[in-house]
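Student: Hi, could we look through this protein together, starting with how its helices sit against each other?
Tutor: Gladly, here it is.
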Amino acid sequence: MTYDIAIIGAGPSGLCLARALSGHGLTVLLLERQPEAALAEPAFDGREIALTHSSQALLEQLDIWSRLDAQDIAVLRDAKVFNGPSAFALQINAQQTGADRLGHLVANHAIRRAAYQSLLAAADTELRCEADIKAIKQQPDAVELTLPNGEVIRTRLLVAADSRFSETRRMLGIGAQLKDYGKSMLVCRMQHEEDHQQTAWEWFGYGQTLALLPLNGRQSSVVVTLPPREIAQLQQMDEAQFAIEMAERFHHRLGRMQLVSTRHAYPLVGAYARQMIGPRCALIGDAAVGMHPVTAHGFNFGLASVQRLSKLLLAAHARNQDLAAPALLERYQRQQRLATWPLYQATNLLVECYTSDKLPMRLLRNAGLRLAQQAQPLKRGIARHLTSHG
């Protein structure tokens, strides 16, 4: 059998694309390396996703948002950016755009579970789990996928959605610009005495970067970015010792803290694919653009890639056109690059500036924050970007 579209990787982006393409008469195959139980009940992985208004609208359209438990959705009202020990902060307020919030925070595992449930309810997409790809061969009229058991699957269009370290991307011969920041991040949930006021913090300290993402009640997702050796030391601490350590790192601004989840560590590596398309193939999600988490745009970029590609594919299908026509794929690549390249570069520049501990850079970034605080159009622009529905 030849499928219209085969998607490799049932992470959030892969699941959302499969769901977006369902119900239109297309034959869609979703291939995933993990067992299906890991999709049905994903384990807590520490990651909380900051969703913009437009990302929420797409999840509503895909019948995913309604499947999230209310307790898994937290309001992200405002944001603050701190530098070093100074109490001064650049404040980004949703009210600057007339909105009541910047967006929402939802646990990554909750989004994955809801997306899986939505896809299952759609019932017209084939899902194959515990499926590895041994070889990929691009033919003029189809792509052939060879499985370890020798089975060959043919598809008119292949979509890679298997992470920023995408093996599919490599097998397709598409390179990526990888940016290793030389740091790791530790993420976990913590209870604290003081109220976070539903405000996110990004705190560029000296020798570390801290982030606080407000959850429901007096709980937050805490993100600590340090050299890998120091992250390993934090992981080895017992819970009481870790809580004391974190309260100190936050300068006790949240009062006493208590660990209420498992701790998870991830290497910080950015990725930007040199091509987002190839003959009869396209990249979405982190396989196309893997962002540094400082701007919280990674998953929103992933959802935007799903929306762009699915819109083009469904329009071509409605006109009975080739789903992998070079002009269609080029249009997708152009749109995705225009939307992501400037912010990807700006994010890398921001990280370089705000993680350097040299004295001139410390002074420059402190002055920069104060200047930005006075620049109302800039702050409105940032807030409008986050609250945008488009």
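Tutor: Before we begin, one definition will help: a helix axis here is a line fitted to C-alpha atoms over the stretch in contact, and the angle between two axes runs from 0 to 180 degrees between their N-to-C directions. Please also keep in mind that this is a predicted model.
Student: Okay, so at what angle do α1 and α4 pack, and how far apart are their axes?
Tutor: Helix α1 and helix α4, which covers residues 108-122, pack at an angle of about 25 degrees, and their axes are 9 Å apart. Because angles under 35 degrees count as roughly parallel, α1 and α4 are roughly parallel to each other.
Student: And is their crossing left-handed or right-handed?
Tutor: The crossing of α1 and α4 is left-handed. On the α1 side the contact is made by Pro12, Leu15, Ala18 and Arg19, while α4 brings a list of residues that includes Ile111, Arg112, Tyr116 and Leu119. Sorted by class, this contact of α1 with α4 has 8 nonpolar, 2 polar and 2 charged residues.
Student: What about α1 and α8, what angle is there?
Tutor: Helix α1, residues 12-21, packs with α8 at an angle of about 25 degrees, with the two axes 9 Å apart. That value makes α1 roughly parallel to α8, and the crossing of this pair is right-handed.
Student: Which residues of α1 meet α8?
Tutor: They are Pro12, Ser13, Cys16, Leu17, Ala20 and Leu21, and among the residues they meet in α8 are Phe299, Leu303, Val306 and Leu313. The contact of α1 with α8 divides into 11 nonpolar, 3 polar and no charged residues.
Student: Does α8 have another partner we should go over?
Tutor: We can take helix α3, residues 53-61, which packs with helix α8, residues 298-318, at an angle of about 50 degrees, with their axes 10 Å apart. α3 and α8 are therefore oblique to each other, and α3 passes α8 in a left-handed crossing. The residues in contact are Ser55, Leu58, Leu59 and Gln61 from α3, together with Asn300, Leu303 and Gln307 from α8. By class, there are 3 nonpolar, 4 polar and no charged residues in the contact of α3 with α8.
Student: Which residues of α3 are buried?
Tutor: The buried residues of α3 are His53, Ser54, Ser55, Gln56, Leu58 and Leu59. Just after this helix, Asp63 takes a positive phi of about 60 degrees.
Student: Where else is there a positive phi, say around Ser163 or His252?
Tutor: Ser163, a residue other than glycine, has a positive phi near 85 degrees, and its place is in the loop between β11 and α5. With a relative accessible area of 34%, Ser163 is partly exposed. His252 is likewise not a glycine and has a positive phi, near 60 degrees, and His252 lies in the loop between α7 and β16.
Student: Which residues does Ala247 touch, then?
Tutor: Leaving out residues up to four places away in sequence, Ala247 touches His252, Gly255 and Met257. Ala247 is found in helix α7, and it counts as buried because its relative accessibility is 5%, where buried means under 20%. The C-alpha atoms of Ala247 and His192 are separated by 8.8 Å, although the two residues are 55 residues apart along the chain.
Student: And Ala316, is that one buried or exposed?
Tutor: Ala316 counts as buried, at 1% relative accessibility, and its place is in helix α8. Setting aside neighbours within four places in sequence, Ala316 is in contact with Gln321, Asp322, Leu323 and Leu328. From C-alpha to C-alpha, Ala316 and Leu328 are 8.2 Å apart, and in sequence they are 12 residues apart.
Student: Changing topic, how many disulfides are there?
Tutor: A search of the whole structure finds 0 disulfides. Two of the cysteines, Cys16 and Cys188, are each buried, with a relative accessible area of 0% for Cys16 and 0% for Cys188.
Student: Last one, how many helices and strands does the protein have?
Tutor: The protein has 11 helices and 20 strands. Buried residues make up 54% of its 390 residues, and of the contacts with a separation of 6 or more, 74% are between residues 24 or more positions apart.

How values were computed:
Residues are numbered from 1 along each chain as its sequence is written. This is a predicted model: local features need pLDDT of at least 70, side-chain atom pairs count only at pLDDT 80 or more; totals for chains, interfaces and linings use all residues. Side-chain values use heavy atoms; hydrogens and water are left out. A disulfide is a pair of cysteine sulfur atoms within 2.5 Å. Buried means under 20% relative accessible area, exposed over 50%, partly exposed in between (1.4 Å probe, protein chains only). Helices (H or I, at least four residues) and strands (E, at least two) are DSSP runs, numbered from the N terminus. Angles under 35 degrees count as roughly parallel, over 145 as roughly antiparallel, 65 to 115 as roughly perpendicular and the rest as oblique. A crossing is left-handed if the near helix is turned anticlockwise from the far one by less than a right angle, and right-handed if clockwise. Contact means heavy atoms within 4.5 Å. Ala, Val, Leu, Ile, Met, Phe, Trp, Tyr, Cys and Pro count as nonpolar, Asp, Glu, Lys and Arg as charged, and the others, Gly among them, as polar.
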